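The following exercises ask the reader to work through contacts, charges and backbone geometry in one chain. Each task is followed by a solution in steps.

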Amino acid sequence: MNLNNIKPAAGSTHSQKRIGRGQGSGYGGTSTKGHKGQKSRAGYSQKIGFEGGQMPLQRRLPKFGFNNVNRKEYRGINLDTIQLLADAKNITEITKEVLVENGLAKKTEIVKIMGRGELKTGVSISAEKFTKSAEEAISKAGGKAITL
């Protein structure tokens, strides 16, 4: 066996259907598209969601809700997470850069410190926002809450 005499298995290949090449081909005339109608025409393409002229689903359903363009999304980080970070890395000052380095926030996110858990070590934390309970817990542990 050589590369020049390899053939596909018998019956595994078919000749291409050549449409619109005259009546003798068996696929002339309407070129397998039936008679008349939108789909038989040249250049036909259906819009996404088109339902044959019936009112499409996305137009039948009611619109609702409101998206505030001025909404600020905060990245919430709890005190128990900060305590774990302070214990693991032996850190006394936590800034946004430290949070980004350790994968707790992204560079572009606005960080808000939340009050879940407790803080055992006096840690200086600088962030954009703090909850009241978080500020109280930080000052009780002997740390500082610095608002950026």
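**Exercise 1.** In this predicted model, determine which residues Ile77 is in contact with, leaving aside its neighbours within four places in sequence, and place Ile77 within the largest nonpolar core.

*Solution.*
Step 1. Once neighbours within four places in sequence are set aside, the contacts of Ile77 are Ile82, Leu99, Leu104, Ala105, Val111, Lys112, Ile113 and Met114.
Step 2. The largest nonpolar core has 20 residues, and Ile77 belongs to the group that touches the most other members, together with Ile94, Leu99, Ile113 and Ile125.
Step 3. At least two residues of this core come from each of helix 2 (79-89), helix 3 (96-101), strand 3 (110-114), strand 4 (124-127) and helix 4 (132-140).
Step 4. Helix 2 makes the largest contribution to the core, with 4 residues.

**Exercise 2.** Establish how many aromatic pairs the structure holds, and state which residue lies over the face of Tyr74.

*Solution.*
Step 1. The number of aromatic pairs in the structure is 0.
Step 2. The face of Tyr74 is covered by Lys112, which is 5.6 Å from the ring centre.
Step 3. Lys112 is also one of the contacts of Ile77 from the first exercise.

**Exercise 3.** Find how many salt bridges the whole structure contains, then examine the bridge between Arg75 and Glu109 and explain what parts of the chain it ties together.

*Solution.*
Step 1. A search of the whole structure gives 5 salt bridges.
Step 2. In the bridge between Arg75 and Glu109, the closest N and O atoms are 3.8 Å apart.
Step 3. Because Arg75 belongs to strand 1 (residues 74-78) and Glu109 to the loop between helix 3 and strand 3, the pair ties together parts that are 34 residues apart in sequence.
Step 4. Arg75 has a relative accessible area of 33% and is therefore partly exposed; Glu109, with 24%, is likewise partly exposed.
Step 5. Glu109 can also be related to Lys72, which lies in the loop between helix 1 (57-60) and strand 1. The C-alpha atoms of Lys72 and Glu109 are 9.6 Å apart, while the two residues are 37 residues apart in sequence. Lys72 has a relative accessible area of 55% and is exposed.

**Exercise 4.** Analyse the salt bridges of Lys96 with Glu128 and of Arg60 with Glu51, and decide whether each partner is buried, partly exposed or exposed.

*Solution.*
Step 1. The side chains of Lys96 and Glu128 meet at 3.4 Å, N to O.
Step 2. Lys96 is in helix 3 and Glu128 is in the loop between strand 4 and strand 5 (129-130), so this bridge ties together parts that are 32 residues apart in sequence.
Step 3. The cut-off for a buried residue is under 20% relative accessible area. Lys96, at 14%, therefore counts as buried, whereas Glu128, at 23%, counts as partly exposed.
Step 4. For Arg60 and Glu51 the N to O distance is 3.2 Å. Arg60 is partly exposed at 43%, and Glu51 is partly exposed at 30%.

**Exercise 5.** Ser126 and Ile91 are to be compared by location and burial: in which element or loop does Ser126 lie, and in which does Ile91 lie?

*Solution.*
Step 1. Ser126 is located in strand 4 and is buried, with 11% relative accessibility.
Step 2. Not counting residues up to four places away in sequence, Ser126 touches Ile94, Thr95, Lys96, Ile146 and Leu148. Lys96 is the residue that forms the bridge with Glu128.
Step 3. Ile91 is located in the loop between helix 2 and strand 2 (93-94) and is buried, with 19% relative accessibility.
Step 4. Beyond its neighbours within four places in sequence, Ile91 is in contact with Leu85, Ala86, Val98 and Val123.
Step 5. The C-alpha atoms of Ile91 and Glu128 are separated by 19 Å, and the residues are 37 residues apart along the chain.

**Exercise 6.** Give the phi of Asn90 and of Lys36, and state where each residue is found.

*Solution.*
Step 1. Asn90 has a positive phi near 55° and is a residue other than glycine.
Step 2. Asn90 occupies the loop between helix 2 and strand 2 and is exposed at 69%.
Step 3. Lys36, not a glycine, has a positive phi of about 50°.
Step 4. Lys36 is in the segment before helix 1 and is exposed at 67%.

Key:
Residues are numbered from 1 along each chain as its sequence is written. This is a predicted model: local features need pLDDT of at least 70, side-chain atom pairs count only at pLDDT 80 or more; totals for chains, interfaces and linings use all residues. Side-chain values use heavy atoms; hydrogens and water are left out. A nonpolar core is a set of buried Ala, Val, Leu, Ile, Met, Phe, Trp, Tyr and Cys residues joined through side-chain atoms within 4.5 Å. Buried means under 20% relative accessible area, exposed over 50%, partly exposed in between (1.4 Å probe, protein chains only). Contact means heavy atoms within 4.5 Å. Rings of Phe, Tyr and Trp (its six-membered ring) pair if their centres lie within 6.5 Å; planes under 30 degrees apart count as stacked, over 60 as edge-to-face and the rest as tilted. A charge sits over a ring if NZ of Lys or CZ of Arg is within 6 Å of the ring centre and within 35 degrees of the ring normal. A salt bridge is a side-chain nitrogen of Lys or Arg within 4 Å of a carboxyl oxygen of Asp or Glu.
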